[in-house]
Amino acid sequence: MKNDIDIDITLPSHTRHLRMISNVGEKVAQEIDCPEGIRETLPSQLAIVLTEGLVNAIKHANSAERNTEIHVRINVSDKVLVVRIYDSGLGFDLDAVPTPCFTSNGLEEKGRGIFILRSLMDTVKYSRSDGGNVLEMRKNLA
Amino acid sequence: MDIKTELTEGVTVLFVREDRLDANNSEELKIELRRQFESGTKDLILDLKEVLFIDSSGLGVLVSGYKNASILHGSLKLSNLQSQVKSMFELTRLHRVFDIFTTVDDALQSYR
C-alpha cells in the first residue's frame, strides 16, 4: 500500500482545539502503511507531537495577537511523515531552548515541550516562512 | 475540570475524571492543587486512572504540585498511570522523581 496523504487544516489559535487535532493525528497514523515497530507507537506519538507543536504556536509564537489562526499540514509518503505548523507570531530561537533538568533538584514546571518533540521526531526545525514561522518535524517511516 | 476528592486515613485523594490533561485544562488542576495546599493539605494522592493523554503542560502542573508539597514537607504521589501517561513520564524522566503506585490503595499503604 502506498502512502500519499496530504492534510491541511486551518484553525483558530486556541487550546480548545487540541483534542481535535490530536485525534486527527492519531487517526492518520493508524492508516499509514509502515514497519511494525513504528506503526505500534506512531498514533500516540503523532497525537502528542501535534499537541505540543500547536501549544507552542498558540502560547509563544502567536502570543501577541489573540485572534490569529494556525495552519497545520501533515504529509505522508512511503518514506517520511512531515508535520508543519505555521504561526504568524514573532517566533523564537529553537536552538536556545535548553534540555530540561531531570533531577528533583532544579525541577522546572515548563520547558519539556520542545524536548518531547526532539525525542519523538527525527528532525525538528523552526524557520521563517511567508511573513510568519513554520515548525517542521519529520519522522522517517522506512 | 471534573475532580472527585476523598479523605482517607488523613490523606487527600484527588481522582482526576478527565481523559486528557493538557494545555486546555491543566491550569484548572493547578488551581485545585494550590487550593488544597493553601487549605492545609500536606499529603496528597493524585489518581490518574481516567487520564489517557497528558502533554507537557499537564506534566508541568504535576511538577508544580510536587514542588509545592515538598516546600510544605508533605508529598504528592501518583496512582493508576495509564499507558500514554507512563510513556510521557519515562520520556521526560519524571518517573524517577515522583512516587508512582499501581493503585490508590498501594499509595495509601505507603503512608501507613
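Long-range contacts dominate the count in chain A of this predicted model. Of its contacts between residues at least 6 apart in sequence, 67% join residues at least 24 apart.

**Chain A: layout and dimensions**

Chain A holds 3 helices and 5 strands. Along the sequence they run β-α-α-β-β-α-β-β. The radius of gyration is 15 Å, close to the 14 Å that the globule rule gives for 142 residues, so chain A is as compact as a globular protein of that length. Along the principal axes, the C-alpha atoms fill a box of roughly 45 × 40 × 25 Å. Buried residues account for 33% of the 142 residues in chain A.

**The nonpolar core**

In soluble globular proteins, nonpolar side chains tend to be buried together. The largest nonpolar core here has 59 residues. Which residues touch the most other members? They are Val49(A), Leu54(A) and Leu46(B). Helix 2 of chain A gives the largest share of this core, 9 residues. Leaving aside residues up to four places away in sequence, Val49(A) touches Val83(A), Leu117(A), Leu120(A), Met121(A) and Met137(A).

**Where chain A meets chain B**

The contact draws 20 residues from chain A and 18 residues from chain B. On the chain A side, three elements give two or more residues: helix 1 (18-31), helix 2 (36-61) and helix 3 (113-120). Helix 2 of chain A supplies the largest share of that side, 6 residues. By class, the side of chain A that touches chain B has 8 nonpolar, 6 polar and 6 charged residues.

**A helix pair in chain B**

Two packed helices are described by the angle between their axes and the distance between the axes. Helix 1 (residues 26-38) and helix 2 (residues 56-71) of chain B pack at about 10 degrees, with their axes 9 Å apart. That angle makes helix 1 of chain B roughly parallel to helix 2 of chain B. From helix 1 of chain B come Ser26(B), Leu29(B), Lys30(B), Leu33(B) and Phe37(B). They meet Ser57(B), Gly58(B), Val61(B), Ser64(B), Gly65(B), Asn68(B) and Ala69(B) in helix 2 of chain B.

The table sets out the residue classes for the two contact sets.

| Contact set | Nonpolar | Polar | Charged |
|---|---|---|---|
| Side of chain A that touches chain B | 8 residues | 6 residues | 6 residues |
| Helix 1 of chain B with helix 2 of chain B | 5 residues | 6 residues | 1 residue |

Methods. Residues are numbered from 1 along each chain as its sequence is written. Chains are lettered from A and ligands numbered from 1 in the order in which they are written. This is a predicted model: local features need pLDDT of at least 70, side-chain atom pairs count only at pLDDT 80 or more; totals for chains, interfaces and linings use all residues. Two residues are in contact if their C-beta atoms, placed from the backbone, lie within 7 Å. Helices (H or I, at least four residues) and strands (E, at least two) are DSSP runs, numbered from the N terminus. Ala, Val, Leu, Ile, Met, Phe, Trp, Tyr, Cys and Pro count as nonpolar, Asp, Glu, Lys and Arg as charged, and the others, Gly among them, as polar. The radius of gyration is taken over C-alpha atoms; the globule rule is 2.2 Å times the number of residues to the power 0.38. A residue is buried if 20 or more other C-beta atoms lie within 10 Å of its own, exposed if 12 or fewer, and partly exposed in between; C-beta atoms are placed from the backbone. A nonpolar core is a set of buried Ala, Val, Leu, Ile, Met, Phe, Trp, Tyr and Cys residues joined through C-beta atoms within 7 Å. Axes are lines fitted to C-alpha atoms, for helices over the stretch in contact, and angles run from 0 to 180 degrees between N-to-C directions. Angles under 35 degrees count as roughly parallel, over 145 as roughly antiparallel, 65 to 115 as roughly perpendicular and the rest as oblique.
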